Amino acid sequence: MKLLNTLTRRSLLASALLAFASLAAQTAAYSAEIRVVTSGAFTEAYKKLVPIYEAASGHKVISAYGASIGNAPDSIPSRFARGEKFDLVILSEGGLEALMKDGKLVPGSRVDLARSQIGVAVRKGTPKPDISTVEALKQTLLNAKSVAYSASASGTYLSTEMFPKLGIAEQMKVTAKKIMSERVGAVVARGDAELGFQQVSELIYFKELDFVGTLPDAVQQTIFFSSALVQGSEQQEAAKHLVRFFTSPAVAEIVRGTGLDPAAKP
């Protein structure tokens, strides 16, 4: 998967700023600080878009990061459990719905930002395994001496659904490891795992890796990454404004260039 080249990226940034100018004018009278916590798969898009938004709007975005689910200290559920304060969350749909049921988020405020798929990567220079079919993927997993997968939504799917579906759950208990508070790509890059499974957008930026491809359609999981307002936030209007920017057609190519599929229609 090719990333946006520098010239194209600059052109897109300029277009995004111009297209967002009318929205920015709506809030030019004041400057807000918007506290956002976002999960892994949307992180690269988020890091590209936030500086554009800040330049266009005059608002300041204060960012935190964590897994959509799980009890790692920096996971989004753990941050909420500690009482950390945010105005906006961006995470996988399953994690978002769990927080919504717990009363942490504003009902009806969910906005889908992007779709993400699970990919596979190996350390650069090592043979690329065959994952082109379900049977090939199964054999590749059985042949691997070590497998790393995310502690977030994609990893939960692999360990609780895909591995059992392939009939290799018991074997994977021996060779597969859930990675906590770290990107799977980093583990594979330093040679601590032979195969890495995570959202495509979290794998393609590691120069030390070769991206193998996405899972076969029959066992693929497409996940929506969505935003929602936090209950009790004092900056809900500013947070809504930020969400409108994230879903603007002007920034769709930037989002797509990070390995995600924008949820909004062109």
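Q: What makes up the lining of the second largest cavity, by class?
A: In this predicted model, it has five nonpolar residues, three polar ones and no charged ones. The residues in question are Ala67, Ile69, Gly70, Asn71, Ala72, Ser75, Ala151 and Met180. Ala, Ile and Met count as nonpolar, whereas Gly goes with the polar group, so the names fit the tally of five nonpolar and three polar.

Q: Why is this space called a cavity, and how much of it is there?
A: The name goes to a set of points where a 1.4 Å probe fits but cannot get out. About 30 Å³ of space lies in this second largest cavity. The structure holds two cavities of 30 Å³ or more.

Q: What makes the largest pocket a pocket, and what is its volume?
A: A pocket is an open set of points with protein on both sides along at least five of seven lines. The largest pocket has a volume of about 390 Å³. Of its 27 lining residues, Gly40, Gly66, Ala67, Arg183 and Glu202 are the closest to its centre. Ala67 turns up in the lining of the second largest cavity too.

Q: How do you know which elements supply the lining of the largest pocket, and what classes do its residues fall into?
A: Helix 3, helix 7 and strand 8 each give at least two residues to that lining. By class, it holds nine nonpolar, 13 polar and five charged residues.

Q: How do you know what span to expect for helix 3?
A: You take 1.5 Å times one less than the number of residues. Helix 3 has 15 residues, and that gives 21 Å; its first and last C-alpha atoms lie 20 Å apart, close to what's expected.

Q: What about helix 3 and its bend: where does it sit?
A: At Leu49, where helix 3 bends by about 25°. Pro51, a proline, follows within four residues. Leu49 is also one of the buried residues of this helix, along with others including Val50, Ile52 and Tyr53. Just after the helix comes Gly58, with a positive phi of about 85°.

Q: How does helix 7 measure up against its expected span, and where does it bend?
A: Helix 7 has 14 residues and reaches 19 Å from first C-alpha to last, close to the expected 20 Å. The bend is about 35°, at Ser159. Right after helix 7, Gly167 has a positive phi of about 75°.

Q: What makes Ala153 count as buried?
A: Its relative accessible area is 14%, and buried means under 20%, so the label holds. Ala153 belongs to helix 7, where the buried residues also include Gly155, Leu158 and Phe163. The C-alpha atoms of Ala153 and Ile69 are 6.5 Å apart, though 84 residues separate the two along the chain.

Q: Why is Ser116 called buried?
A: Ser116 has a relative accessible area of 0%, which is under the 20% limit, so it qualifies. Ser116 sits in strand 4. From C-alpha to C-alpha, Ser116 and Glu202 are 10.0 Å apart, with their positions 86 residues apart in sequence.

Q: Why is Lys178 called partly exposed?
A: Lys178 has a relative accessible area of 40%. Buried needs under 20% and exposed needs over 50%, so a value in between is called partly exposed. Lys178 lies in strand 7. Its C-alpha is 8.8 Å from that of Ser159, 19 residues away along the chain.

Q: What makes Thr133 partly exposed, and where does it sit?
A: With a relative accessible area of 40%, Thr133 falls between the 20% and 50% cut-offs, so it gets that label. You'll find Thr133 in the loop between strand 5 and helix 6. The C-alpha atoms of Thr133 and Asp217 are separated by 8.7 Å, with the two residues 84 apart along the chain.

Q: How do you know where confidence is highest and where it is lowest?
A: By mean pLDDT: helix 6 has the highest at 98, and helix 2 the lowest at 51. The protein averages 89, and 88% of the residues score at least 70.

How values were computed
Residues are numbered from 1 along each chain as its sequence is written. This is a predicted model: local features need pLDDT of at least 70, side-chain atom pairs count only at pLDDT 80 or more; totals for chains, interfaces and linings use all residues. Side-chain values use heavy atoms; hydrogens and water are left out. pLDDT is the predictor's confidence in each residue, from 0 to 100. The bend at a residue is the angle between axes fitted to the seven residues ending there and the seven starting there. Buried means under 20% relative accessible area, exposed over 50%, partly exposed in between (1.4 Å probe, protein chains only). On a 1 Å grid over the protein atoms alone, a cavity is a set of points where a 1.4 Å probe fits but cannot get out, and a pocket is an open set with protein on both sides within 12 Å along at least five of seven lines; lining residues have an atom within 4 Å of a point. Grid points are joined across faces, edges and corners, and a volume is the space filled by probe spheres set on the points.
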